[in-house]
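Welcome! Take a moment to look over the sequence and turn the structure around before you read on. The notes below walk through it topic by topic.

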Amino acid sequence: MRRGSWGRLREHVWEIPLRRYLALLLTAALVAGLAFAVRALTREDRSCAPGVVRLHGGGECVGVATTAYDFGQPRLRETLAAIERENRSLKEGSYVTVALFEPFTATDRDTVNHVLHQLQGTYLAQYQANHSANGQTPAIRLAFANPGATGEHWEHTVDELERLARGPERLRAVTGIGQSTHHTKKAVRELTRRGIPVVGSSITADDLANGQHGTDPFPGLARVAPTNTDEARALASFAKVTAGRALLVYDKPGDPYTRTLQESFARLIEGSPYEPQPFTPPADRSREGTTANTFRQITHLVCDTSRETDTILFAGRHTQLRQFVNALGARGCQDRRFTVLTGDEGSYLTGDHDLDRAALRNLSVRYTALAHPDTFAEDRVASGGSAADTRKLNGLLASSRGEPIGPIGPVDLEDGQLIIAYDAMRLAVHGIREATPDGRTDPPLTDVGLQWPQVKGSLRVNGASGWICLDVHGNPYDKAVPIVELTPRGRARFVEIAWPEGKPPGKECLPPS
């Protein structure tokens, strides 16, 4: 064969396929590199802050922040900056971490106010624990756990909290847990199942408490606020509610808070001649929905009751409560005065700009607050709380207008959220330090939750919201319940202290068997 023919054959057999293979390899490498770059950019884009990400399919930044990340909420920045300063001042190995579990990415104004006040109260208790405890250890570091605006990302956040508990951050308690929702219930169940102690600040639902049916489904859970049943009992002892003079309006199908409040109210007026009136809100109860139309219809039924009927028991969330109050303001029977009695969600109305305050001229709205700054402003009772405990918090607030404690942004105590969060954090610190063995700088994780049954008698926590004396299930015994009235100017006026047991606890503050 001639040389020219051989060269052409070699090119046909070898060189052309080789070029094709090289081209294919180059194309594959480019595609793989592009895919890798896209994935890298996607991962980077979904990172919001250390410990906080945007999950696939969602735009919220969720997880647990260990830095002063504001979750897109400018109102939180001053308080977060103060916490960051305090966190950085702590020596490595001298502290344990407590996480505040709240819906930091909430979009409605009322809930954002709630989160801000919870953050402020938690921080003030952290600062007090680190600077006014005669050198007690360990020091306390704060982290911020966000399960999303509605709590739907609780699983991811719980996983992150467990990672902190097992790692060098030494997470030893979770506090906050402010909303009694289905997602919250699942999060608390899973946290306690994993051995992580939880201190609920403003959860009141009966089915988010241990001991309700002789069982403890949330081992390691302690609560600062009374249950809905205890709040209703306190309200009944104050208001003298009778079946023939009250109408119940309730959320159907309800959530853990509204459902247990409805059940408690129904027991108070058993035998009422009036059928309870339901309303169905959106699944996200911070949304307006169409319930305003239902409330307009219910006001007609309110006016149809006998003239002896003067009380409406409302078992619903704050958005629907505001809609109902606005509807009552336009009711036809203006010649009759009514009193609306409800649970602690009433505290949100003080900051609700959509509330028709003119409706309050011929309507009284009273609710069981979690706390109020005037409850123990004077020593009204010999036990159950004191003015001295209120003064401690007020001293911290006075010092928080500048460094080293603050500034922490605008403070409002009337909704009770700052006060109850301060007390919840103080209870968490109490449990952590009581569980810390001599010679150690941190307690075993599950030992913290074992301290709750001993928080009574001389080991109680003297909270600014009242004494915190826990029963063997971690529930507060005969906790002070401030009855508060919403004024036409949108303020929360303290009326009276009510007690679930009908009277303050004894000085020893020991729950009965």
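**A first pair of helices**

Helices α6 and α7 cross each other in a right-handed way. Keep in mind that this is a predicted model. The axes of α6 (residues 228-239) and α7 approach to within 9 Å, and the crossing angle is roughly 40 degrees.

- On the α6 side, the residues in contact are Asn228, Thr229, Ala232, Leu235 and Ala236.
- On the α7 side, they meet Pro256, Tyr257, Thr260, Leu261, Ser264, Phe265, Arg267 and Leu268.
- Sorted by character, the residues of this contact between α6 and α7 are eight nonpolar, four polar and one charged.

**The whole chain**

- If you step back, you can find 12 helices and 17 strands in the chain.
- The C-alpha atoms fill a box of roughly 120 × 60 × 45 Å, taken along the principal axes.
- The chain has 513 residues, and 56% of them count as buried.
- Take the contacts in the chain with a separation of 6 or more: 74% of them come from residues 24 or more positions apart.

**The seven-stranded sheet**

- Which strands build the open sheet, and in what order? Reading across, the seven are β10-β9-β11-β12-β13-β16-β17, and their pairing is mixed.
- The edges belong to β10 (277-279) and β17 (492-498); each has a single partner strand, so one side of each is left without a neighbour in the sheet.
- From one strand to the next, the twist averages 25 degrees.
- Within the sheet, β11 (residues 311-315) and β12 (residues 338-342) run parallel and are joined by four bridges.
- To place this pair in your viewer, look for Ile312, which stands opposite Val340 in β12.

**Helices that pack on the sheet**

- Helix α7 (residues 256-268), which you met in the opening pair, also packs on the sheet, where it touches β9 (246-251), β11 and β12.
- The direction of α7 makes about 150 degrees with that of β11.
- Helix α8 (residues 291-304) packs on the sheet too, touching β9, β10, β11 and β12.
- The direction of α8 makes about 170 degrees with that of β10.

**The hairpin of β16 and β17**

- Do β16 and β17 run parallel or antiparallel? They run antiparallel, and six bridges join β16 (residues 481-486) to β17.
- One facing pair to look for is Val481 and Ala498, the latter in β17.
- Five residues lie between the two strands of this hairpin, and Gly490 takes a positive phi near 80 degrees.

**A second pair of helices**

- The axes of α2 (residues 77-88) and α3 (residues 109-131) come within 10 Å and cross at roughly 25 degrees.
- Angles under 35 degrees count as roughly parallel, and α2 and α3 are therefore roughly parallel to each other.
- In this pair, α2 passes α3 in a left-handed crossing.
- From α2, the contact takes in Thr79, Leu80, Ala82, Ile83, Glu86 and Asn87.
- Their partners in α3 are Leu116, Leu119, Gln120, Tyr123, Gln126, Tyr127, Asn130 and His131.
- The residues of the contact of α2 with α3 come out as seven nonpolar, six polar and one charged.

**Cis peptide bonds**

- The bond from Thr137 to Pro138 is cis, with omega near 0 degrees.
- You will find Pro138 in the loop between α3 and β5 (139-146).
- Lys252 and Pro253 are also joined by a cis peptide bond, and here omega is about 15 degrees.
- Pro253 sits in the loop between β9 and α7.

**Positive phi outside glycine**

- Lys240 is a residue other than glycine with a positive phi, near 55 degrees.
- Lys240 belongs to the loop between α6 and β9.
- Is Lys240 buried or exposed? Its relative accessibility is 62%, so Lys240 counts as exposed.
- Asp478, also not a glycine, has a positive phi near 45 degrees.
- Asp478 lies in the loop between β15 (466-468) and β16.
- With 3% relative accessibility, Asp478 counts as buried.

How values were computed: Residues are numbered from 1 along each chain as its sequence is written. This is a predicted model: local features need pLDDT of at least 70, side-chain atom pairs count only at pLDDT 80 or more; totals for chains, interfaces and linings use all residues. Side-chain values use heavy atoms; hydrogens and water are left out. Two strands pair if DSSP finds at least two bridges between them. Axes are lines fitted to C-alpha atoms, for helices over the stretch in contact, and angles run from 0 to 180 degrees between N-to-C directions. Contact means heavy atoms within 4.5 Å. Angles under 35 degrees count as roughly parallel, over 145 as roughly antiparallel, 65 to 115 as roughly perpendicular and the rest as oblique. A crossing is left-handed if the near helix is turned anticlockwise from the far one by less than a right angle, and right-handed if clockwise. Ala, Val, Leu, Ile, Met, Phe, Trp, Tyr, Cys and Pro count as nonpolar, Asp, Glu, Lys and Arg as charged, and the others, Gly among them, as polar. Buried means under 20% relative accessible area, exposed over 50%, partly exposed in between (1.4 Å probe, protein chains only).
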